[in-house]
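Colleague: Could you take me through one part of this model up close? I'd like a sheet, strand by strand, and then a bit of context for the chain around it.

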Amino acid sequence: MDNKTFARFQELIYQKSGINLNEGKETLVQARIGKRMRALGLNECTQYLRLLESNQGNEEWGFFLDAISTNVTHFFRESEHFDFLKKILNVSIDEGQTKFRIWSAASSSGEEPYSMIMTAANTLNLKSLDFKILATDISSRVLEIAKKGQYHKDNLKNIPVNMQGQNYLSLSKDDYNQFVINETLKRFIVFSRINLSSTPFPMKGPFDIVFCRNVMIYFDNHVRAKLLREIHRLLRIGGYLMVGHSESLSGLNIPLEMVQPSIYLKRGS
Ligand SMILES: C[S@@+](CC[C@H](N)C(=O)[O-])C[C@H]1O[C@@H](n2cnc3c(N)ncnc32)[C@H](O)[C@@H]1O
């Protein structure tokens, strides 16, 4: 791919998703869109670029973003966050809180919000509470997987043994290599498509807890700051934000206080 074509891809990706593709990612982009080009019978990257830029390109955008973004995730990834979630839920219940609003802001294929609801079900009596998790992602493809809530058995190794019982999941009836998340847990989660680089978001909040993990690494500081200002607006006072272990808010001038690495508190407005 020549420099000019790569620069145009970079510009388009940034405009549509805030994803900042650094120089030197030409081979990666070429490899990732290669599959789409073959499916469409296109030989040249410039043809694919023209399709994206044309009116007929609208439908292709979803496939393109899926090809470019990384959806890697797993159950109970960065498990300290789920320990902390358990702690906050316990404290809130002791204080008499009965309504909980939690947001998984880049939920990918669902492992993150399902780990949250498993943690909550293991900690609280959800039936007696007004408890909701909003799970969002830019990719409609991963959101479909998330809604289905069906995963290969190999993923069980990441789920604590005390959350593998029938209150949480069961073997799939059509494929014994798969398990499904129980409907009783799924109904606490609403899945929706939200582009984190396009603010303001439609939700009113306030959220008690926001997980925005392993997505800001793909953004530049301009998009990160815009996103974090929105998260700050949507968090209630006393609410928490979790970011990925390799992410931080330093230098972004966001009034959230770090309480431990990758966990932030909104202390005041
Ligand atoms: C690496 S996964 C992280 C998933 C999960 N939060 C975790 O930590 O395991 C990154 C996710 O961010 C999503 N993503 C990338 N750009 C986005 C954007 N502009 N708005 C919303 N989601 C985005 C991708 O589709 C992908 O599912």
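Modeller: Here is the sheet first, then the chain that holds it. Keep in mind that we're looking at a predicted model. The sheet is an open one built from 3 strands, and reading across, the order is β3-β5-β4. The pairing is antiparallel. As a bit of background, strands of a sheet pair through backbone hydrogen bonds, and they can do so parallel or antiparallel. At the edges you'll find β3, covering 150–152, and β4, covering 169–171. Each of those two pairs on one side only. If you check how the strands are turned, neighbours in this sheet sit at 30 degrees to each other on average, ignoring direction.

Now zoom in on β4 and its partner. β5 spans residues 178–181, and 3 bridges join β4 to β5. These two strands run antiparallel. For a spot to click on, try serine 170: across from serine 170, in β5, stands valine 180.

Stepping back, the protein chain has 9 helices and 10 strands in total. Its C-alpha atoms fill a box of roughly 60 × 50 × 30 Å along the principal axes. The radius of gyration is 20 Å, which agrees with the value near 18 Å that a compact globule of 269 residues would have. As for burial, 35% of the 269 residues count as buried. The contacts reach a long way along the sequence, too: take those between residues at least 6 apart, and 74% of them join residues at least 24 apart.

Note on methods. Residues numbered from 1 in each chain as written. Predicted model: local features only at pLDDT ≥ 70, side-chain atom pairs only at ≥ 80, totals over all residues. Helix = DSSP H or I, 4+ residues; strand = E, 2+ residues; numbered from the N terminus. Rg over C-alpha atoms; globule rule 2.2 N^0.38 Å. Buried ≥ 20, exposed ≤ 12 C-beta atoms within 10 Å, placed from the backbone. Contact = placed C-beta atoms within 7 Å. Pairing = 2+ DSSP bridges. Axes fitted to C-alpha atoms, helices over the stretch in contact; angles between N-to-C directions.
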